[in-house]
Amino acid sequence: MRESVQAEVMMSFLVSEELSFRIPVELRYDARDPYAVRLTFHLPGDAPVTWAFGRELLLDGINKPCGDGDVHIAPTDPEELSDVHIRLQVGTDRALFRASAAPLVAFLDRTDRLVPLGQERNLGDFEENLDEALDKILAETRTQQNEQNAG
């Protein structure tokens, strides 16, 4: 069974009202983390930056404004399927991207064929993989805290 779906789309990075440039963005969905999608932004002169957020958030944001916290997604025209704004925020820093809705819908359709929306919990090893991932994160956090305390 295929376990992941990938696509590359071009998005506009909206620096200001007067300045924007197109960048490639890799979209990735992995059945081992069935609730999330990952977007990797390839900004010129910088290392790629990856954001992970809910697959359902991306789906909902194509049709209506949604998102609390660091990720907000909204259609540019709620009356028709056109473009989508994706706003990412860390503290007071924000980045705004604009993407055509069509490739996002095509990507989400492929993820739905891999793991139908609402069926994520039925994956047999999801809970086990989640426990392993949490254990790894906790171990890394403890290591970092020990290093900070030692320094």
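Biologist: Which residue forms a salt bridge with Arg38?
Modeller: Keep in mind that this is a predicted model. Arg38 is partly exposed, with a relative accessible area of 29%, and its partner is partly exposed too, at 25%. The closest N and O atoms of the pair are 2.8 Å apart, and the partner of Arg38 is Asp33.

Biologist: How many salt bridges are there in total?
Modeller: To count, a side-chain nitrogen of Lys or Arg has to lie within 4 Å of a carboxyl oxygen of Asp or Glu. Arg38 and Asp33 pass with 2.8 Å. By this rule the count comes to five.

Biologist: What about Asp30, buried or exposed?
Modeller: Asp30 forms a salt bridge with Arg32, and their closest N and O atoms are 2.7 Å apart. Arg32 is partly exposed at 48% relative accessibility. For Asp30 the relative accessible area is 12%, and buried means under 20%, so Asp30 is buried.

Biologist: Asp83 and Arg98 also meet in a salt bridge, so where in the chain do they sit?
Modeller: Their N to O distance is 2.8 Å. Asp83 is partly exposed with a relative accessible area of 22%, and Arg98 is partly exposed with 33%. The pair links distant parts of the chain, 15 residues apart: Asp83 is in strand 6 and Arg98 in strand 7.

Biologist: Which residues do salt bridges with shared partners join into one network?
Modeller: Asp30 and Arg32 are already linked by their own salt bridge. Sharing partners brings in one more residue, and the network is Glu3, Asp30 and Arg32.

Biologist: Let's zoom out. What pattern does the protein follow along the sequence?
Modeller: There are three helices and seven strands to place. Read along the sequence, they give β-β-β-β-α-β-β-β-α-α.

Biologist: In what order do the seven strands sit in the sheet?
Modeller: Strands of a sheet pair through backbone hydrogen bonds, either parallel or antiparallel. In this open sheet the pairing is antiparallel. From one strand to the next, the twist averages 30°. The order is 4-3-2-1-7-6-5.

Biologist: Which strands stand at the edges?
Modeller: An edge strand here has a single partner strand, so one of its sides is left without a neighbour in the sheet. That describes residues 49-54 and residues 71-75, which are strand 4 and strand 5.

Biologist: How many bridges join strand 6 to strand 7?
Modeller: Strand 6 covers residues 83-90 and strand 7 covers residues 93-100, and the two run antiparallel. Ile86 has Phe97 as its bridge partner in strand 7, and Val90 stands opposite Asp93. The number of bridges joining these strands is eight.

Biologist: And strand 1 with strand 7, how many bridges there?
Modeller: Leu14 stands opposite Leu96 in strand 7. Strand 1 and strand 7 pair in the antiparallel sense, and their bridges number three.

Biologist: Which residue takes a positive phi in the hairpin of strand 6 and strand 7?
Modeller: That hairpin has two residues between the strands, and the phi in question is near 60°. The residue is found in the loop between strand 6 and strand 7. It is Gly91.

Biologist: Is that loop residue, Gly91, buried or exposed?
Modeller: Its relative accessibility is 55%. Exposed means over 50%, so Gly91 counts as exposed.

Biologist: What separates the C-alpha atoms of Gly91 and Gly69?
Modeller: Along the chain, these two glycines are 22 residues apart. In the model, the separation of their C-alpha atoms is 9.9 Å.

Biologist: At what angle to strand 5 does helix 1 run?
Modeller: Helix 1 takes in residues 55-63 and lies across several strands, including strand 2, strand 3 and strand 6. Strand 5 is crossed as well, and the angle to strand 5 is about 35°.

Biologist: What angle does the direction of helix 2 make with that of strand 1?
Modeller: Helix 2, residues 101-114, packs on the sheet. Among the strands it touches are strand 1, strand 2 and strand 7. With the direction of strand 1, helix 2 makes about 160°.

Biologist: One last thing: what share of the residues count as buried?
Modeller: The protein has 151 residues, and its accessible surface comes to about 9500 Å². Carbon and sulfur atoms hold 49% of that surface. The share of residues that count as buried is 30%.

How values were computed
Residues numbered from 1 in each chain as written. Predicted model: local features only at pLDDT ≥ 70, side-chain atom pairs only at ≥ 80, totals over all residues. Heavy atoms only, no water. Helix = DSSP H or I, 4+ residues; strand = E, 2+ residues; numbered from the N terminus. Buried < 20%, exposed > 50% of the residue type's maximum accessible area, 1.4 Å probe, protein only. Areas by Shrake-Rupley, 256 points an atom, 1.4 Å probe, with all protein chains shown as cover. Pairing = 2+ DSSP bridges. Axes fitted to C-alpha atoms, helices over the stretch in contact; angles between N-to-C directions. Contact = heavy atoms within 4.5 Å.
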